[in-house]
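Subject: Structure handover and findings

Dear colleague,

I am handing over the structure below, and I would be grateful if you could keep it open while reading the notes that follow it.

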Amino acid sequence: MKSEDYGQGQAFQVEKRTVFSTEWLPVCAEGQIGAAGDFFSATIGGWGVVAVRDGQGTVRVLRNACRHQNMPVVGVPAGKCETFRCRFHGWTYDLAGRFVTAPAPVAPADTGTPEVNLISFAIARAAGLVFFNLAGKAGAPDLDVRLPAYGGTVATEIACNWKVLVEHLLLEHPAGSQDFIWLWPLLTLRRAGTLAILEQVVPHTFLRSRLLTHLFGGAAEEHRVSGELIKQACERLQADRIAGRMASSDNNLVADFHRRLAAVYAEAAAAT
Ligand code: FES
């Protein structure tokens, strides 16, 4: 890995077109959208998405881009609603993303075509989380685990590249531990006694990431301090990467992470 892979937008654009366009990516805990009309929006790997539970309990992940002029339909991180009304010109969609109505001056000529519905992604549910896949990949994330009851989520905003955060999580919990699982690219699961802690990395931009710490078997708020410690560590590590000090690949999981990224970059370079 090179310093610029952590500090320049070009690497992030490659990752957006490759890793984040093909892999199963976690959006949120199912418990964060537990009731009909609950939604959760985020920019994940550069893609704006909304996870929502409809009146029948079906969970969907929709692209957060209005079919009128491509503006974000949802402008808040989470909430509850009966329809999504775009604040720009009023196109309105139901919770399945289907076009419902629009003011006459901006209404589409053909309201029956799928082109007016929000784009809906393939979804999967595993380990109490909702995942989406832009490429419509078959199957589901390889994460067949049983967890205790969902206890909440803590969000921590971190001024670092997403790879710094992943490396830190992998280095903190060495390979071979029975109590630790890494799901490429963005999720770790750690068990501590009766607790299960899922750390979800959300790459917003190349220098901004969010850590969602999902607690199962305990209360999330008790883990706010550990989120803050991870933030401080990662912001220091980000400065290290920019200065050319890379993560040690002695750790098998970090070495595997770097191997996968190198393969992705090589593939992208060969395609251009
Ligand atoms: S961009 Fe959404 S209604 Fe115009």
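Two strands are said to pair here if DSSP finds at least two bridges between them. By that criterion strand β2, which covers residues 38–44, pairs with β5 in the antiparallel sense over three bridges, and within this pairing Asp38 has Lys80 of β5 as its bridge partner. Please bear in mind throughout that this is a predicted model.

The sheet

The pairing of β2 and β5 belongs to an open sheet of seven strands, whose order is β1-β10-β9-β4-β3-β2-β5 and whose pairing is antiparallel. Because β1 (25–29) and β5 (78–80) stand at the edges and have a single partner strand each, one side of each of them is left without a neighbour in the sheet. On average, and with direction ignored, neighbouring strands of this sheet are turned by 30° against each other.

Further inside the order, strand β3 (residues 47–53) is joined to β4 by five bridges in the antiparallel sense, and among these pairs Val52 has Arg60 of β4 as its bridge partner. The two strands β3 and β4 form a hairpin with five residues between them, and in its turn Gly57 has a positive phi of about 90°. On the other side of the pairing list, β4 also pairs with β9, again antiparallel, over two bridges, with Val61 standing opposite Phe121 of β9. As for its surroundings, β4 is mostly covered, since four of its five residues are buried.

Two positive phi values outside glycine

Two loops contain a residue other than glycine with a positive phi, and you may wish to look at both. In the loop between β4 (59–63) and β5, Asn70 has a phi near 70°; in the loop between β9 (120–126) and β10 (129–133), Ala127 has a phi near 50°. Which of the two classes, buried or exposed, applies to Asn70, and which to Ala127? Asn70 has 10 C-beta neighbours inside 10 Å and therefore counts as exposed, the limit for that class being 12 or fewer. Ala127, with 22 C-beta neighbours inside 10 Å, counts as buried, because that class begins at 20.

The two domains

The chain is divided into domain 1, residues 25–133, and domain 2, residues 146–271, and the C-alpha centres of the two domains lie 27 Å apart. Twelve residues from domain 1 and 13 residues from domain 2 take part in the contact. On the side of domain 1 that touches domain 2, β1 and β2 each supply at least two residues, and the residues of that side divide into seven nonpolar, five polar and no charged.

Strands β12 to β14 and helix α4

Strands β12 and β13 pair in the antiparallel sense over four bridges, with Phe180 standing opposite Arg190 of β13, and they form a hairpin with three residues between them. The loop between β12 (180–183) and β13 (187–192) holds Pro185, and the peptide bond that joins Trp184 and Pro185 is cis, with an omega of about 0°. The strand β13 is joined in turn to strand β14 (residues 195–205) by six bridges, and these two strands run antiparallel as well; here Leu187 stands opposite Gln200 of β14. The hairpin of β13 and β14 has two residues between the strands, and in this hairpin Gly193 takes a positive phi near 65°.

Finally, helix α4, residues 162–172, is mostly covered, with nine of its eleven residues buried. The buried residues of α4 are Trp162, Lys163, Val164, Leu165, Val166, Glu167, His168, Leu169 and Leu170.

With kind regards

Conventions: Residues numbered from 1 in each chain as written. Predicted model: local features only at pLDDT ≥ 70, side-chain atom pairs only at ≥ 80, totals over all residues. Axes fitted to C-alpha atoms, helices over the stretch in contact; angles between N-to-C directions. Domains from an automatic or database assignment. Contact = placed C-beta atoms within 7 Å. Nonpolar A, V, L, I, M, F, W, Y, C, P; charged D, E, K, R; others polar.
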